[in-house]
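Visitor: I would like to go through this structure term by term, and to hear what each label rests on.
Guide: Then let us look at the structure first and take the labels one at a time.

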Amino acid sequence: MDLCCLQETRYRKSGTRTIDGKGTRYKLFWSGNSLGKTAGVGILLKEEWVDKVLEVQRISDRIMLLKLIIGSTVLCFLCVYAPQVARSDADKDSFYDQLYSTIATISVSELLVPCGDWNGHVGRLADRYEEVHGGHGYG
């Protein structure tokens, strides 16, 4: 594994740390909140790619953008943890406003790789998607 996007990290504030894995090392970049009890996103990056990091934007405890230069291509990994259905409309609006603003900063020459927990809900019925819908939809 070279890169993994994480949600519900529950780390406080923001930062980085090195993590030793089995036979390899990773750098964890995270963005949390002041309490560290809810939300939080992070990107776990294999050590060999760390020198390719162009930029890390910690937008909030739910949105983080990490840009890597691979050859002549800039890859933009967008890690998100969207608000759950029970969250207030204000929380959801704030999240989507920040998300749209972040995406707008990405150049057309850069490649966007969206990752994370989008907390999407599908309908109750499979309706032509039986092979992928598990029959446990919401609503």
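## Labels and their grounds

Visitor: Why is the pair R10 and E8 called a salt bridge?
Guide: The closest N and O atoms of R10 and E8 are 3.5 Å apart in this predicted model, and because a salt bridge requires a side-chain nitrogen of Lys or Arg within 4 Å of a carboxyl oxygen of Asp or Glu, the pair qualifies.

Visitor: What makes R10 and E8 partly exposed?
Guide: The relative accessibility of R10 is 47% and the relative accessible area of E8 is 38%; the label partly exposed covers what lies between under 20%, which is buried, and over 50%, which is exposed, so both residues receive it.

Visitor: How do you know that D20 is exposed, and what is its salt-bridge partner?
Guide: D20 has a relative accessible area of 58%, and because exposed means over 50%, D20 takes that label. The side chain of D20 meets that of R25 in a salt bridge, at 3.5 Å from N to O, whereas R25, at 36% relative accessibility, counts as partly exposed.

Visitor: Which residue other than D20 forms a salt bridge with R25, and what does the pair tie together?
Guide: R25 also forms a salt bridge with E47, where the closest N and O atoms are 3.5 Å apart. R25 belongs to strand β3 (residues 25-31) and E47 to the loop between β4 (41-46) and β5 (53-58), so the pair ties together parts that are 22 residues apart in sequence. E47 counts as partly exposed, at 43% relative accessibility.

Visitor: Which residues are joined into one network by salt bridges that share partners?
Guide: D2, K46 and E48 are joined in this way, and the structure holds eight salt bridges.

Visitor: What makes K67 buried, and where in the fold is its place?
Guide: K67 has a relative accessibility of 6%, and because buried means under 20%, the label applies. The place of K67 is in strand β6, and, leaving aside neighbours within four places in sequence, K67 is in contact with residues including V53, L54, L75, C76, T105 and E110.

Visitor: Which residues touch the most other members of the largest nonpolar core, and which strands supply it?
Guide: Of the 14 residues in that core, I43, L66 and F77 touch the most other members. Strands β4, β6 (63-70) and β7 (73-81) each supply at least two residues, and β7 gives the most, with four. Another core, of 10 residues, lies apart from the largest one and has I63, L65, V80 and A82 among its members.

Visitor: What is I43 in contact with, once its neighbours within four places in sequence are left aside?
Guide: The contacts of I43 include L3, L28, F29, M64, L66, F77 and C79.

Visitor: How many helices and strands does the protein have, and in what pattern do they follow one another?
Guide: The secondary structure comes to one helix and eight strands, and read along the sequence the pattern is β-β-β-β-β-β-β-α-β. Among contacts between residues at least 6 apart in sequence, 44% join residues at least 24 apart.

Visitor: What share of the residues is buried, and what share of the accessible surface belongs to carbon and sulfur atoms?
Guide: Buried residues make up 32% of the 139 residues, while the accessible surface comes to about 8,500 Å², of which 52% belongs to carbon and sulfur atoms.

Terms used:
Residues numbered from 1 in each chain as written. Predicted model: local features only at pLDDT ≥ 70, side-chain atom pairs only at ≥ 80, totals over all residues. Heavy atoms only, no water. Buried < 20%, exposed > 50% of the residue type's maximum accessible area, 1.4 Å probe, protein only. Core = buried A, V, L, I, M, F, W, Y, C linked by side-chain atoms within 4.5 Å. Contact = heavy atoms within 4.5 Å. Areas by Shrake-Rupley, 256 points an atom, 1.4 Å probe, with all protein chains shown as cover.
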